[in-house]
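Let's walk through this one together, going from the overall fold to the sheet, the helices on it, the ligand and a couple of odd backbone angles. Have the viewer open as you read.

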Amino acid sequence: MASVTAASPVVAQPGHDPGSHDAARPRGVVPIVAFANQKGGVGKTTTAVNTAVSLAQRGYRILLIDADPQGNATSSLGIDKLTVGRSIYDVLVDRLPLSEAIESTDRPGLDLVASTPTLAGAEIELVEAGGRETRLRDALAGLLPRYDIVLIDCPPSLGLLTVNALTAARSVVVPIQCEFLALEGLGQLMTTVDLVKRGLNPPLDVTGVLMTMFDARTRLSAHVVAEVRRYFPHRMFGTVVPRSVRLAEAPSYGQAIVEYDPSSRGAEAYEAFVNELTTRLHLPPRPRPVRESTEGDHP
Ligand SMILES: Nc1ncnc2c1ncn2[C@@H]1O[C@H](COP(=O)(O)OP(=O)(O)OP(=O)(O)O)[C@@H](O)[C@H]1O
Ligand SMILES: [Mg+2]
């Protein structure tokens, strides 16, 4: 079988993993997690949305920021990106207060800052703008006390939108698809994370690497997991998300997998991932919200 890594300078090199995913945070600091990988279609949005909804069901207050002009996180939550009013574009380009761009979702505890296709222009419009890398961080500053955690879904690029996300975040989660050339481009991502960490955001850390779309029937999937583990021996999440039709179907119903099919393998995997993530981020447990139930009403 051909190696899953290409002999190219943009491939992550072994040893790039310093072995710490110490997301320990000073008391009161709200974790801000960016889901990033400039490779397209690796599961960034699926992971961000399912994490957000799962955390909301656990009683956390979450802000999900859709920082991708494709607006897939927005539509995955059942919100029509063509009809949203204010969006992340207005925040980044026109410095609209973030609080005015929040869309409520019908999930208790889960707020969204939506994206619209206009965001595609932001990369160019911001080029000459002052504080262009820190606009999201600045916008978030006053709003953090409202939330237990902020999640940012990044676009498949390493441009200004991803740099804004990495500058605002304390934590990066890197979804990697169990496919050929999975590691390609990861070197660039890690270099970008290092540059942002050194220049703009010292607390930034890679909290973990999540393998997605694992197909147990293929040797390739197992091979890719082994290869990625070699590069990130200390940072891989123990959970591996299986390839699952139910996971791919859920967004078309505007639902997360834990809503669409809570007993599916995909839902189980994302619940396990969220368990790991909350542990790594030291998120204190919150009481689950009381749900309407008729149980116990009968004499
Ligand atoms: N575990 C999975 N099993 C099957 N399909 C999946 C799984 N995870 C994601 N998908 C599907 O694969 C596609 C790409 O996933 P997703 O949109 O989450 O990736 P992405 O990294 O956000 O993509 P982009 O880079 O374009 O933003 C989507 O159609 C999604 O529904
Ligand atoms: Mg996406």
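Before we start, one bit of vocabulary for the ligand shell: Ala, Val, Leu, Ile, Met, Phe, Trp, Tyr, Cys and Pro are called nonpolar here, Asp, Glu, Lys and Arg charged, and the others, Gly among them, polar. With that sorting, the shell around ligand 1 comes out as seven nonpolar, ten polar and three charged residues. Keep in mind that this is a predicted model.

Who sits in that shell? Ligand 1 is surrounded by 20 residues, and the closest are K44, T45, T46, P156 and A248. Three elements, α1, β7 and α9 (245-249), each give two or more residues to the shell. Helix α1 has the largest share, with three residues.

Now zoom out. The protein chain has eleven helices and eight strands, and 51% of its 299 residues count as buried. Take the contacts between residues at least 6 apart in sequence: 80% of them join residues at least 24 apart.

The sheet is a good thing to get your bearings from. It is an open sheet of eight strands with mixed pairing, and if you read across it the order is β3-β4-β2-β5-β1-β6-β7-β8. At the edges stand β3 (102-104) and β8 (236-242); each has a single partner strand, so one side of each is left without a neighbour in the sheet. Ignoring direction, neighbouring strands are turned by 25° against each other on average.

Pick out β2 next. All the way along, this strand is covered: five of its five residues are buried, so β2 is largely enclosed by the rest of the structure. In a regular strand the side chains alternate between the two faces of the sheet. You can follow that here, with I62, L64 and D66 pointing one way and L63 and I65 the other, all of them buried. Note that D66 is on that buried list too.

Which strands does β2 run parallel to? One is β4, joined to β2 by four bridges, and there I62 stands opposite L110. Another is β5, joined to β2 by five bridges, where L63 has V150 as its bridge partner.

Moving along the sheet, you come to β1 (residues 32-35) and β6 (residues 171-177), which pair in the parallel sense over three bridges. To find the register, look for A34 opposite V172 of β6. Helix α6 (residues 160-168) packs on the sheet in this region, touching β1, β5 and β6, and its direction makes about 150° with that of β1. How much of α6 is buried? The helix is mostly covered, with nine of its nine residues buried. The list is L160, L161, T162, V163, N164, A165, L166, T167 and A168. An α-helix has 3.6 residues a turn, so residues three or four places apart point the same way.

Back to α1, the helix that gives ligand 1 the largest share of its shell. This helix lies across β1, β2 (62-66), β4 (110-113), β5 (149-153), β6 and β7 (205-214), and runs at about 160° to β5.

Helix α1 has a helical partner as well. Two packed helices are described by the angle between their axes and the distance between the axes. For α1 (residues 44-57) and α11 (residues 265-280), those are about 75° and 10 Å. The two are therefore roughly perpendicular to each other. On the α1 side the contact uses N50, T51, S54 and L55, and on the α11 side Y270, E271, V274 and L277. Sorted by class, these contact residues are four nonpolar, three polar and one charged.

Finally, two backbone oddities. M213 is not a glycine, yet has a positive phi of about 55°; you'll find M213 in strand β7. H282 also has a positive phi of about 55° without being a glycine, and H282 lies in the segment after α11. Are these two buried or exposed? M213 is buried, because 23 other C-beta atoms lie within 10 Å. H282 has 13 C-beta neighbours inside 10 Å and so counts as partly exposed.

Note on methods:
Residues numbered from 1 in each chain as written. Chains lettered and ligands numbered in written order. Predicted model: local features only at pLDDT ≥ 70, side-chain atom pairs only at ≥ 80, totals over all residues. Axes fitted to C-alpha atoms, helices over the stretch in contact; angles between N-to-C directions. Parallel < 35°, antiparallel > 145°, perpendicular 65-115°, else oblique. Contact = placed C-beta atoms within 7 Å. Pairing = 2+ DSSP bridges. Near = placed C-beta within 6 Å. Buried ≥ 20, exposed ≤ 12 C-beta atoms within 10 Å, placed from the backbone.
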